[in-house]
Amino acid sequence: MGTAATDALPNIPWEDRPAGSKAVLWRSSRNPIIRRDQIERSNSIFNSAVVPFDDGFAGVFRVDDTTRIMNIHAGFSRDGVDWKIEQPTIEWIAADPRVREIQKTFEHAYDPRVTWLEDRYYVTWCNGYHGPTIGVGYTHDFKSFHQLDNAFLPFNRNGVLFPRRVNGAYLMLSRPSDNGHTPFGDIYLSESPDLVHWGRHRQVMTTRPWTWESTKVGAGPTPIETPEGWLLIYHGVLTSCNGFVYSMGAALLDLDEPWKVIARSRDYLLSPQVPYEQVGDVPNVAFPCAALYDRPTGRLTVYYGGADTVVCLAHGYLPEVIEFVRARS
Ligand code: BMA
């Protein structure tokens, strides 16, 4: 079942830092862990989110099919590395007729996040309601999925829930965008009393000129609560003469007022530097969507999409990531 902030997860996928490496985050030698053609008619499987579930793990996977339509599918794994991705796409059940009404307009589903919150797993993803915006739903078992109303107006992407209420309110990060490949983007925080009505929007972070995050920034995995603040792993984008380059970085947000950034790394944590990140349907993309954390050992495993084509893993120690964020702030 779900995990609280204090939980131990000794079974997360793990590999020690390679000898001689000084990297704060290092890649799994088993990358990519999910192939592009792992299920029937999959063109690519990437930007996917996983959580601890039963004795193993479950997740929601972005699968672009061979018509190049973007969809999300459930998946299960014993060890977090070998995944069985369900062939049918997720079908959302909506109790509210107003949600059923707008469901008809959705054209696609992509870039899911999954968050254990109170008593169930919430899924946020990008759907198309007259343009990209953030869908919200939940599941108990990764078999039936229940849809709530969309969180925001179009255009928005990268909706990421916090794993608990803060001062009574549910919180979601998002990145207001445009209808295309969006040459801008800041991270905002919104509050809700019920996960349906969202307001009190606050800016959290903007871009930094001339750096790896000069074009846009967007939240990645569910923020991780630590005594020093919420650890947010996020993507940052630079525009090169060959297009966008997606790297990942990290920041610490205030525990009680998470729109306040306590520290933020100047350097990227990981940027596309190996073939499965540099070559694929969209070159030069490392796009984090989930993280597993074993609190007693500090071990952290990040799931990220490589080149909009495959799913990859990177490992690190959370205290070292925090030290890196603070030292290079
Ligand atoms: C973003 C999203 C992501 C994708 C990235 C790079 O706008 O569409 O799904 O990984 O672009 O192509």
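1. The shell of residues around the ligand divides into 4 nonpolar, 1 polar and 3 charged members. The model under discussion is a predicted one, and the points that follow should be read with that in mind. By name, the residues that surround the ligand are Asn47, Arg62, Asp111, Tyr246, Val282, Val285, Phe287 and Asp308. Under the classification used here, in which Val, Phe and Tyr count as nonpolar and Asp and Arg as charged, the nonpolar part of this shell is made up of Tyr246, Val282, Val285 and Phe287, while Arg62, Asp111 and Asp308 supply the charged part and Asn47 is the polar member.

2. Which side chains place a polar atom at 2.6 Å from an oxygen atom of the ligand? Asp111 does so with a polar side-chain atom, and Asp308 likewise has a polar side-chain atom 2.6 Å from a ligand oxygen. For Tyr246, the distance from a polar side-chain atom to an oxygen atom of the ligand is 3.0 Å. Each of these pairs falls within the 3.5 Å cut-off for a polar contact. The ligand exposes 310 Å² when it is taken alone, and the protein buries 87% of that area.

3. As for the site itself, the space that the ligand takes up is the largest pocket of the model.

4. Turning to the aromatic side chains, the count comes to 19 aromatic pairs by the ring-centre rule, which requires centres within 6.5 Å. One of them is formed by Trp26 and Tyr317, whose rings lie 6.1 Å apart from centre to centre with 50° between their planes, an arrangement that is classed as tilted. Trp26 belongs to strand E1 (residues 26-27) and Tyr317 to strand E22 (residues 310-317), so this pair ties together parts of the protein that are 291 residues apart in sequence.

5. The loop between E1 and strand E2 (42-53) deserves a look at its backbone, and it is here that Pro32 has its place. Asn31 and Pro32 are joined by a cis peptide bond, with omega at about -15°. Arg41 is also found in the loop between E1 and E2, and the phi angle of Arg41 is near 60°, which is a positive value in a residue other than glycine.

6. A further cis peptide bond joins Pro154 and Phe155, and its omega is about 5°. Where does Phe155 lie? Phe155 is located in the loop between strand E10 (145-147) and strand E11 (156-161).

How values were computed: Residues numbered from 1 in each chain as written. Predicted model: local features only at pLDDT ≥ 70, side-chain atom pairs only at ≥ 80, totals over all residues. Heavy atoms only, no water. Near = heavy atom within 4 Å. Polar contact = N/O pair within 3.5 Å; in protein donor to acceptor, adjacent residues only side chain to side chain. Areas by Shrake-Rupley, 256 points an atom, 1.4 Å probe, with all protein chains shown as cover. 1 Å grid on protein atoms, 1.4 Å probe; cavity = no way out; pocket = protein on both sides within 12 Å on 5 of 7 lines; lining within 4 Å. Sits in = over half its atoms within 2 Å of the grid points. Phe/Tyr/Trp six-rings, centres within 6.5 Å; stacked < 30°, edge-to-face > 60°. Helix = DSSP H or I, 4+ residues; strand = E, 2+ residues; numbered from the N terminus.
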